[in-house]
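Here is a short report on one protein model. It covers a small sheet, two pockets and two cores.

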Amino acid sequence: MIVGTAGHIDHGKTSLVKALTGIDTDRLKEEKRRGITLELGFAHLTLDDGTVAGVVDVPGHERFVKAMAAGAGGVDLAVLVVAADEGVMPQTREHLDICRLLGVRSGVIALTKSDLLAELGPEWRALVEADLVALTAGTFLEGAPVVPCSSKTGEGLDALKSALTRAASALPKRPAEGPAFLPVDRVFTIKGFGTVVTGTLLSGAVAVEDAVALLPGLPGPFRVRGVQVHGQAVPKVEAGQRAAVNVTGVEPEALHRGMVLVRSGELPETRMLDVELSLLPAAEVALPRRRKLLLHLGTAQVEATVALLDVERLEPGETALAQLRLDGPVGALVGQRFILRGSRALPGRGATVAGGRILSITPPRRRKGGSAVVAPLLEADPSGQVAWLLRQAGYRGLTQPELFGRSGLGPKVLTRALELLGARGGALLVDRERRLYLSGEVFEGLQGRALALLAAFHEREPLREGLPREELRQRLSAELDPRTFQRVTQALVDAGKVELDKEVVRLKGRGRTLSLGDEAARTKLAAELSAAGLAPPTLNELAQKLQLPMPRLQELLKVMVAGGMAVRVSDELCFDAGALTGLRERLVAHLREKKEITTQAFKEMVGQSRKFVIPLSEYFDREKVTLRVGEKRVLRRG
């Protein structure tokens, strides 16, 4: 459980935390000198039921909203601090807006400096409380207890702790089974231990000896040497806790606030996010179709182009689907909340203008009308969410670890979703070793495209017996996994739609088909080879003599070789099959009688020049008729 402060500068947030916990969260010399909080401060508070809550104290000055947003990202329970002598101020409103947009679920209102209320009078108190009612209407703090308290006198501190205990007991726990996700808010070194990062774990768990990455930029893996919660060493930290994680193998200079500690290989970094976006009701003007704003995500901030997907403009108080295109990479989690700030402050409430939640973390660039693609995520159950991710992945598919990171679902929930999809044909396990899944729709689409490509091939190349398997895979997609392609072709074979012949694929019942012109050309070619006997023309000579394009000649020769009418002896020479069979019989008879044959004797047997004798002798070696021994050849056994 994380408790976070919120409120205007000098309303007593840090003093209140110190009075409740005994810990002064202002640790910097400059904070002591100026008397204001400049950076995030951290403490822990034992509630009345024994629960130990992490406490994040945030700066109240408008110039330090960046730090405030970084601290508020992991807050479960907010303490909205309002000074009794000043009431609601601009940062009171902006901090409440930020907490709302970041999904803070509950909280209490601390009316600090209550020791001044007596001299301010009942009318002033009534006015302040009326302002608080108006401020919190429609927010998670509507109807929340307002607890007058004083850090100076101790008045109301027990009542405030009791109110926090009641609010905390009603909150659900954060998901400890999802991907590990810890936005880094501090980096430092401890002598003898090395690099330490701290932050609030928003999802999953991190344990000693885990292999982790730090996004963006450092995929690791790095080893977790130790973990501490509230200064105590623990074997594991779970979602909803603040933790200090000792990481080996990385220098502190390479790390900074805004990075995210995740398990190695679980989550990718990204520059694109599909989101559900809400514009604050207090915004002065509508948000246009495209607008550059500052994104605060976890502890990171980065410039982002906001592209609305389904509307030309987003009016104040409205919600729409959008895509955030970031100027730099970030680590992000599905379901994570964010805020967007502009360069100009809204009257009386700061520069925060919008916020929302992440729907997908590695989408392609969406065009106008892309909301139809993203909208199913708003209502998707776990199996619907997984089906959507697999459809978006296309031919590449996703492994189970990739689905785990991109969906944010726990392992058991994800496994059940995949089982349900598999039973309905919505997901197909195409590689058991890698646990690679493909969308059922995508798999059917691949089969349809393969059939269309084969049909077009047969029309275009009627003389060829089929399309080489690798060529078909490349035509479908160069990125198509070979095992996925094998599953596609096997499914088509099982359905009786295609045939596999060694490395060639063809439609069932299709293959070489000769036209009347092809038959006539083949007859002429056969006559040429038969007349030439053991001294056939080269392919170039044949093409010129018969006036055939080389590709067509090559295909006709393949037809003749497949039909047993010709034999390809070398790249340039093709012999009549009858002439070659006669030579083979004479050669075998000679070797059986004489046991061996010299190159000269074989030349005399062929009756031709070395241009034909050498390719023929090498052909009989390849065919395992003869075996070369020195300068002679003998009959192979068997």
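Two strands count as paired if DSSP finds at least two bridges between them. In this predicted model, strand E27 and strand E29 (residues 504-507) are joined by 2 bridges and run antiparallel. Within this pair, Leu 467 stands opposite Val 505 in E29.

**The small sheet**

E27 and E29 belong to an open sheet of 3 strands. The order is E27-E29-E28, and the pairing is antiparallel. Strand E27 (467-468) and strand E28 (498-501) stand at the edges. Each has a single partner strand, so one side of each is left without a neighbour in the sheet. In general, strands of a sheet pair through backbone hydrogen bonds.

**The two pockets**

The table sets the pockets side by side.

| Pocket | Volume | Lining residues | Lining make-up |
|---|---|---|---|
| Largest pocket | about 590 Å³ | 28 residues | 12 nonpolar, 11 polar, 5 charged |
| Second largest pocket | about 490 Å³ | 23 residues | 13 nonpolar, 7 polar, 3 charged |

Start with the largest pocket. The lining residues closest to its centre are Arg 174, Pro 175, Leu 202, Gly 335 and Gln 336. Helix H3 (65-72) and strand E7 (182-190) each supply at least two residues of the lining. H3 gives the most, with 3 residues.

Now the second largest pocket. Nearest its centre lie Thr 198, Gln 228, Gly 231, Ala 243 and Ala 244. Which strands each supply at least two residues of its lining? They are strand E2 (41-46), E7, strand E8 (194-200), strand E11 (218-229) and strand E14 (242-248). E7 thus appears here, and E7 also helps to line the largest pocket.

**The nonpolar cores**

The largest nonpolar core has 35 residues. Leu 273, Leu 277, Leu 295, Leu 324, Phe 338 and Leu 340 touch the most other members. Several strands each supply at least two residues, among them strand E16 (269-279), strand E18 (290-297), strand E21 (319-331) and strand E22 (337-346). E21 gives the most to this core, with 5 residues.

Take a look at Leu 295. Leaving aside its neighbours within four places in sequence, Leu 295 is in contact with residues including Leu 273, Leu 324, Phe 338 and Leu 340. Those four are also listed with Leu 295 as touching the most other core members. The contacts of Leu 295 also include Ala 300, Gln 301 and Val 302.

A second, separate core has 24 residues. Ala 78, Val 82, Cys 99 and Ile 109 are among them.

Conventions. Residues are numbered from 1 along each chain as its sequence is written. This is a predicted model: local features need pLDDT of at least 70, side-chain atom pairs count only at pLDDT 80 or more; totals for chains, interfaces and linings use all residues. Side-chain values use heavy atoms; hydrogens and water are left out. On a 1 Å grid over the protein atoms alone, a cavity is a set of points where a 1.4 Å probe fits but cannot get out, and a pocket is an open set with protein on both sides within 12 Å along at least five of seven lines; lining residues have an atom within 4 Å of a point. Grid points are joined across faces, edges and corners, and a volume is the space filled by probe spheres set on the points. Helices (H or I, at least four residues) and strands (E, at least two) are DSSP runs, numbered from the N terminus. Ala, Val, Leu, Ile, Met, Phe, Trp, Tyr, Cys and Pro count as nonpolar, Asp, Glu, Lys and Arg as charged, and the others, Gly among them, as polar. A nonpolar core is a set of buried Ala, Val, Leu, Ile, Met, Phe, Trp, Tyr and Cys residues joined through side-chain atoms within 4.5 Å. Buried means under 20% relative accessible area, exposed over 50%, partly exposed in between (1.4 Å probe, protein chains only). Contact means heavy atoms within 4.5 Å.
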